[in-house]
Amino acid sequence: VYKRQQLSEWHGRAPDILVADGAETEPYASAAWAVLNESAEEVYRGLQLANTVIGAARQHVAVLLPKDRRRALEGRLGRGVVIPVRSKYPAGPLLPQAPDAVVCRVGVQACLALLRAVENGEAHTACVLTVAGGAVANPQNVRVPFGTTAGEILRTCGLASDPQYVIFGDAMTGVAADSLEYPILPGVTCLLALTERPVPTQRPCMAVSYTHL
């Protein structure tokens, strides 16, 4: 329901460009790339389907990948579809050659879920999740049903040590949890189990804090 409302709002904005955002700038996260690596064609078809509602003039898949992987993806999706994000956090403009363009972004997993819902009648009941951090014995991307608890996921992947911090989301913007019983919900694509609190480099314009659930 939320995504349908979002697409309707974007339709009213008349954007110039619709982007399937697979450009993860968090060093731990790789769920978007895992989805693209497995289902790039379906993701792009889902993006095209979303654009039938929005009506953007252009549609692209944005990635932050080494050149060889990006070219392989271009070979699958066609020339001009894939655009590279050239900077790390904070991510720079996706389209520096079009600074005045109205750009709307949607996640690659949302595109895939939209396609499968429309074509196959599949409900969106699971996500691909990056499980990583110093406390995780086997960092990996896993497909988990919504509602699975952090504890269940970490036990499945294995713990090298007791985590001192468990974060839903990435290390920069994620939410620290004080219990492993909290479930994975739509929108969460990274679960971090850390042995110590990350201390980011301080900059004048940015402060990082964690809000406990």
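**Close-up views of the predicted model**

**Figure 1. An open sheet of five strands with mixed pairing.** In this predicted model, five strands form an open sheet in the order β6-β5-β9-β7-β8, and their pairing is mixed. The edge positions are taken by β6 (140-145) and β8 (175-177); each has a single partner strand, so one side of each is left without a neighbour in the sheet. On average, and with direction ignored, neighbouring strands of the sheet are turned by 30 degrees against each other.

**Figure 2. The pairing of β5 with β6, and the helix that lies across them.** Strands β5 (residues 126-132) and β6 run antiparallel and are joined by six bridges. Within this pairing, V131 has Q140 of β6 as its bridge partner. Helix α2 lies across both β5 and β6, and runs at about 125 degrees to β5.

**Figure 3. The largest nonpolar core of the chain.** This core comprises 27 residues, and the members with the most contacts inside it are L18, L36, V43, L47, V61, L73 and L77. At least two core residues come from each of β1 (17-22), α2, β2, α3, β4 (103-107) and α4 (108-120). Helix α2 gives the most, with eleven residues. Beyond its neighbours within four places in sequence, V43 is in contact with A20, V35, L36, V108, C111 and L112. Separate from this assembly is a second core of 18 residues, including V136, V144, F168 and V188. In soluble globular proteins, nonpolar side chains tend to be buried together.

**Figure 4. Helix α3 and its two faces.** Helix α3 spans residues 67-77, and R70, L73 and L77 are buried in it. Viewed along the helix axis, the buried residues of α3 fall within an arc of 60 degrees, so they line one face of the helix. Exposed residues D68, R71 and G75 are carried on the face turned away from the buried side of α3. The cover over the buried residues of α3 includes α2 (31-54), β2 (58-63) and β3 (82-84). Two of these buried residues, L73 and L77, are also among the residues with the most contacts inside the largest nonpolar core. Just after the helix, G78 takes a positive phi of about 105 degrees.

**Figure 5. The loop between α2 and β2.** Residue G55 lies in the loop that links α2 and β2. G55 has a relative accessibility of 54%, which is over the 50% cut-off, and therefore counts as exposed. Although G55 and L18 are 37 residues apart along the chain, their C-alpha atoms are separated by 8.7 Å. L18 itself belongs to the largest nonpolar core.

**Figure 6. The whole chain, as context for the close-up views.** The secondary structure comes to five helices and nine strands. From the N terminus on, these elements follow the order α-β-α-β-α-β-β-α-β-β-α-β-β-β. The chain has 213 residues, of which 40% count as buried. Among the contacts with a separation of 6 or more, 66% are accounted for by residues 24 or more positions apart. The chain exposes about 11,700 Å², and carbon and sulfur atoms supply 51% of this area.

Technical notes:
Residues numbered from 1 in each chain as written. Predicted model: local features only at pLDDT ≥ 70, side-chain atom pairs only at ≥ 80, totals over all residues. Heavy atoms only, no water. Buried < 20%, exposed > 50% of the residue type's maximum accessible area, 1.4 Å probe, protein only. Helix = DSSP H or I, 4+ residues; strand = E, 2+ residues; numbered from the N terminus. Arc of directions from axis to C-beta. Contact = heavy atoms within 4.5 Å. Areas by Shrake-Rupley, 256 points an atom, 1.4 Å probe, with all protein chains shown as cover. Core = buried A, V, L, I, M, F, W, Y, C linked by side-chain atoms within 4.5 Å. Pairing = 2+ DSSP bridges. Axes fitted to C-alpha atoms, helices over the stretch in contact; angles between N-to-C directions.
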